[in-house]
Each structure stands twice: as C-alpha cells, then as structure tokens.
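Dear colleague,

I am passing on the structure below, together with notes on what came out of it. Please keep the sequence and the 3D view open beside this message as you read.

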There are 2 protein chains.
Amino acid sequence: MPPRRSRRTNRVSSEFGLIRLLRAQVAGPGRDVFKGIGDDTAILKTSASQWTLITTDLLAEGIHFDPALSSFEDIGYRAAIANLSDIAAMGGAPRFMLVAIAIPRTCSMGQIQQLYRGLMQAANPYHVSLVGGDTSASQDGLFLNITLTGIVKPRQALLRSGARVGDLLYVTGTLGDSHAGLNLLRKGHQPGRAVMKSSQVRWLVARHHRPSARVAEAQWLVRHRLATSAIDVSDGLSGDLRHLCEESKVGAEIMIASLPLSPACRAYAAAHHLDPQRIALQGGEDYELLFTVPSTQHSRFERLAASTTFRFTCIGSITSKPAGLRMRRDVGGSQPLPITSYEHFRSPSL
Amino acid sequence: MPPRRSRRTNRVSSEFGLIRLLRAQVAGPGRDVFKGIGDDTAILKTSASQWTLITTDLLAEGIHFDPALSSFEDIGYRAAIANLSDIAAMGGAPRFMLVAIAIPRTCSMGQIQQLYRGLMQAANPYHVSLVGGDTSASQDGLFLNITLTGIVKPRQALLRSGARVGDLLYVTGTLGDSHAGLNLLRKGHQPGRAVMKSSQVRWLVARHHRPSARVAEAQWLVRHRLATSAIDVSDGLSGDLRHLCEESKVGAEIMIASLPLSPACRAYAAAHHLDPQRIALQGGEDYELLFTVPSTQHSRFERLAASTTFRFTCIGSITSKPAGLRMRRDVGGSQPLPITSYEHFRSPSL
C-alpha cells in the first residue's frame, strides 16, 4: 500500500474506511457543539458572543513531508499554514496553537529549533499564541501534531454545506503552483526540457514551501456576508470541490479556461509537456480558498472586490445534485470532472 | 539513547534541552493567556465567566505503549485518562476532545476501532464530546495525539505554583500500582517468587491499563477552596513533587511511612524483594493527584473529606526552598529525596 496523504480535521473520511466508525463516535450538533465532523474545523458554541473553531493535524515524515526536500524551517512553516488555512476556510480568526512533536534520534536540537522557527514565522502575522505542547521520542520518523483554535461570531462561520444551486464558484490566488514546486524539488528541472527561468523555478518551490493561508480574504468575505460556503483547497481543487458539493448536496460545473494559473506554472507545464489546467484541478496543498457567492450578489461582490488587493477568480457555478460534477472547455460540451484527490508522495500522473 | 518518556503539556522541559527554546516561544501571561507553559494545561481567558483549559499529548508506539503488552482498547483508554488527568490536575471539567492518529500498515481497522472504543469508554463518564480529529498513514509505528479542553471558573484553577511553606501535602488513591502492573506485564510473575494471588496480579495490571482520572476529587477541592496547588502524578511522585516545588519555589518533606500503598502493591513488592515505598515514590503513570492544603484548613479538610468516598492521604508538608526535597523514615533523621523521574520503557531499577 503506498503512503497516503492525511484526511484532515473532520475529514477522517473514507481513508481506511474510518468514516463510518468516526461519524458514529463524533459528537453531532448539540447544546455546545454547532458542528463536529464534516467541515474544515469543529465549531463550538463557547459563549453567546463568540464561537470557537478547533482543528488538529498530525503530520508524518515520509507522508506529509520529506526532510530531504524541505528544510525544517519550511516543514514547520507549511504545517502551520495547513492549520491556519483550516481556520481561514471557516472565516475565523486564528488564536491559540499547541504543538506536539515526536523526535527520532536522527534529529538534532538545531533542526527542531528551525522547525519551531518556521511554525512561528507562519503564525506570528496572525498574532497566534503558542500556549502549549508536548515532546516525545520517536523510534522512527518525525511526527508533528498541531492543534489550532480560532474564533468566529455565532452563525457567521463559512460552512461547506451552504452552497446553493445558481451560486457562483470562486477561488483565491492561483492553483497548481505548490504541486509544480514539489515536482521540481523531487525530480529537478529536467535537462532537455524547454528552459524555465530560474526565477520561476524558485517561485514555484517557494509556493510549495511557503504557501499562504487566506485568512484575510475569508474574513473579508464574512464581514461583507458575500459567501454562502467555503473550503480550503488542500487535497486539490477537484477533490475539495467534491467535499463542498457533498456537504451542500449540490453539483457544480467548472469552466476549465477560467482556472487561475500563474505564469510560472504555465511555464512548468509547457517545459514538461503537461496540461496546466489538469495540474490546477488535481495538484494539492495550494491552501487557496474555494467559495460560493450567490448570483444575486455577483455585481456587489465584484464591485467590493475591486477595491481590495485580493485575487479572486470565478471558475464556475453550482448546479443541482443530479447534474454531478462537470467541467466545460471553451469548445465542445461539458464532461464529467475527473476526481483524483491529491496524494502527496504518490506521484499523481499529471 | 534509550527511548524516553514524554514530558507532557507545558512540561516540554529539559528533555532534548528544549525548555529554553520553548519557553522563549510560548506565550507568557497576557490579555488572553493566564498560563502558557509551566502547568498541566494552558489556561485561556476565553470569557469573563469561564476560562478554557487546553492540553495536547502525542503518544508513540514503543515509547508510551506497546501493543504486545496492551490491547488497543486499553491503549486508547489510558491515552484518554492521561489527558483527563491533566484537566483534573487544574480542577477543571473536561469538555471537548480531538484525536489524531497515524496508522502503520500493520494495524487493522478492527484494532483502530478498539482504540477508539477505549478512548470513548474513558471519556464518556465525563460527557466529553469527540469533536474532530485527523487520520494519516505512518511509515512505521502507531502515533496517537489527543487534544483535550476543559473549563474552569476564572482564577479557580489549581496551579502548580500555589504551594506555600507549612502547607500539608496530600495524594489521592494509592501509588505504584501502575508500575507494578506494567512490570508484571513485561516480566510476568516470576516463578520461584513468593506467591501472589492471581486476583492481585489482575488488579495491578488493571491499574496500569485502566487508571482513574481524579476529576471528581479535584472539582471537590475547588468547590470547597481547600487546595493551594495541585499536579497529577504521571512521572512518579518524586518527579512530580519536584515539578510542583519548582513552580511554587518551595521545598518539601515526605513521610515515607505515610505513602498510600495497596495490598496488591505490597504483595508485589514482597514477592519480588522490592521496597514498596520506593515503587510508590518512583513508579509512574499513577494519574493520582498530588495537592497541598494550608495547615489552617487541615481540620476543615479532614472533616469535609470524611463525608466523601474519596481516598486522601497526608504524606508530608511544604518547607522552604533552601531545605530542598527531603524524606523522613519512622526511625532516624531526614535525608534527600532521590529524584528519578519515571521513564516508561527504560526499566527503572526499582
């Protein structure tokens, strides 16, 4: 069995067939729990004026990161971003972090120090306080668990389940860069390929090592009450769109030509004879935000967005559940969207 | 380097020399944080009427548990108790749990199911809700991370730092049973030894596999405002007493003859020619509560305690810091308390 990528908080999901087991154990909505399983974080009704978001991620060496490809500082940075992105996907403000780490004897004190430095570099812009943790030995491999809390006003969290037929689908930033960066790290820029600028190679690698969490974008969406649903793109656009549609009980149609691609990702695809749109659809760990806007809010959204520095791209719309997930190219009719969730160390055939 | 036992939440401490590094990174007291590092859990000032406790533990196969010695149900049960005990040590009420797990290919779905069953068996009596988690593959070994939150009224948490000179030292339950149970699991009841009753062997093994978290006892102490400080006995009495005294900047004297021992632990010690009091001082993972009561409250404490079913034993008193940690036997003067923190799979020489 090849190593698999984790299904993160509240997506314990189909992997290892754990979903049935865990859905049965995890608390449903109740007096104190607004949302248990089924979204990017749990939502706890902690007080009348403020609800708490909480998420936990366990990252394993050789599965989620490879010290041969990333510095310990980058490993820490990306681990923090993965959790910050979960809070962002709910429209929340990150607050408190706990870090537990199991350290193999092969790791030096300096490496662990670098890992914490990376974690704090990612967390500091959000004024997240590191309030606790745990250290342990590991017989084999480095394991890193991050727990992150956030806050959100009652009933203002962006849920996966809020998308409605007719809503427009948007994403932040550009898609596929992290995957292209990872492939360049793993295989290098192969000689004999069309030349890529070294600045583009560096940029893609940085997008893998130092992704952004779209906290500000999500909070802006909440403040203006523009979004009906949201999810972060961690497993790849097509996989995360599927999660959103399942929770909202809807279908969706993606306009392939609209997918936002960076010049560097286009150059990478050209140099390696790959379809850049497929990379955008299936490459993982972008940590961009996928969200829906009601069509009645479309012009208001575009007007308000124009006065920000955020990059938002409309990539399709929500359809009825029976229509399923489809994609449409410029020419020709629509076709089913291939769903291939990203699996980190498994060389997706892009 | 032999495998080491973890230093748990806010005790990242001397292991791997991480303390200096982490103390520098972890948030100090502030607007939202009452206590970061330095106690059994962090204390967050989440609202005017209620503060939040939060703790995280990462447990590694071969370090904290051994599937050859424990069922997966017992592994889950004990992992939950370790965290419940941290909340208990603060006088809090446990609330929400998140469970992240990295699963090697050697584990079956049934085993993981048993592990969750054990977790929930331990958590259910406290009405703890499992609200999220994470699953991942592991290249080698099972890793289990538990995050547990609790609640406490503002400024009512039992801190490690509250002990004052003259306070009386108390513990709940009996000490050393878990260590005796673990040794029986590892080595068996050796032939040629004096005979132990099989019921005593079973009882000690059960005290290792299914320890108690002293949540009710601690809440009772808080309700009656009887304790000035508390810590849970997870590393062994002498090690945890040291933690309490360090945080309170005091010394302590233990009356060795007063240490509460179960008949089974006495029988184990007799059969194996061991000093039962040494097992009580150094054996780990008891999850009993060590706390201090002002001498002025002594008779009130004893009177109130007499009307409960709780077992409390006075084992010594708090002295000044320069006096250090000492122990006193029935005969002869006092002597320095040997400090040997429990290290799980390292065969402490008891």
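F96(A) stands opposite S129(A) in β5(A), where strands such as β5 are DSSP runs (E, at least two residues), helices are DSSP runs as well (H or I, at least four residues), and both are numbered from the N terminus. A little further along, A100(A) stands opposite D134(A), also a residue of β5(A). These pairs belong to β4(A) and β5(A), which run parallel and are joined by eight bridges; two strands are taken to pair if DSSP finds at least two bridges between them.

Before going on, please note that this is a predicted model, in which local features need pLDDT of at least 70, side-chain atom pairs count only at pLDDT 80 or more, and totals for chains, interfaces and linings use all residues. Residues are numbered from 1 along each chain as its sequence is written, while chains are lettered from A and ligands numbered from 1 in the order in which they are written.

The chain as a whole

Chain A has ten helices and 13 strands, and 57% of its 350 residues are buried. A residue is called buried if 20 or more other C-beta atoms lie within 10 Å of its own, exposed if 12 or fewer do, and partly exposed in between, with the C-beta atoms placed from the backbone. Among contacts between residues at least 6 apart in sequence, 84% join residues at least 24 apart, a contact being two residues whose C-beta atoms, placed from the backbone, lie within 7 Å.

The domain assignment divides chain A into domain 1 (15-152) and domain 2 (160-336), with bounds that come from an automatic or database domain assignment. The C-alpha centres of domain 1 and domain 2 of chain A lie 23 Å apart, and the contact takes 20 residues from domain 1 and 20 residues from domain 2. On the domain 1 side, α2 (72-89) and β4 (93-103) of chain A each supply at least two residues, and the largest share, eleven residues, comes from α2(A). That side divides into eleven nonpolar, four polar and five charged residues, where Ala, Val, Leu, Ile, Met, Phe, Trp, Tyr, Cys and Pro count as nonpolar, Asp, Glu, Lys and Arg as charged, and the others, Gly among them, as polar.

The first sheet and its helices

β4(A) and β5(A) are part of an open sheet of six strands with mixed pairing, in the order β1-β2-β3-β6-β4-β5 (chain A). Because β1 (33-35) and β5 of chain A stand at the edges with a single partner strand each, one side of each is left without a neighbour in the sheet. Neighbouring strands here are turned by 20° against each other on average, direction ignored. Is the edge strand β5 (residues 129-137) of chain A mostly covered or mostly uncovered? β5(A) is mostly covered, since nine of its nine residues are buried.

The axes of α2(A) and helix α3 (residues 109-123) of chain A come within 6 Å and cross at roughly 35°; axes are lines fitted to C-alpha atoms, for helices over the stretch in contact, and angles run from 0 to 180 degrees between N-to-C directions.

The second sheet

Another open sheet has seven strands, again with mixed pairing, in the order β8-β10-β7-β11-β9-β12-β13 (chain A). Its edges are β8 (229-233) and β13 (334-336) of chain A, each with a single partner strand, so one side of each lacks a neighbour in the sheet. Within this sheet, β9 (residues 251-255) and β12 (residues 325-328) of chain A pair in the parallel sense over four bridges, and L325(A) in β12(A) is the bridge partner of A252(A). Helix α7 (residues 237-248) of chain A lies across β8, β9, β10 and β12 of chain A, running at about 155° to β8(A).

Two residues to look at

L289(A) sits in strand β10 (residues 288-293) of chain A and is buried, because 28 other C-beta atoms lie within 10 Å. Leaving aside neighbours within four places in sequence, L289(A) is in contact with several residues, including A88(A), A89(A), V171(A) and D232(A). P154(A), by contrast, lies in the loop between β6 (143-152) and β7 (168-172) of chain A, and P154(A) is partly exposed, with 14 other C-beta atoms within 10 Å.

With best wishes
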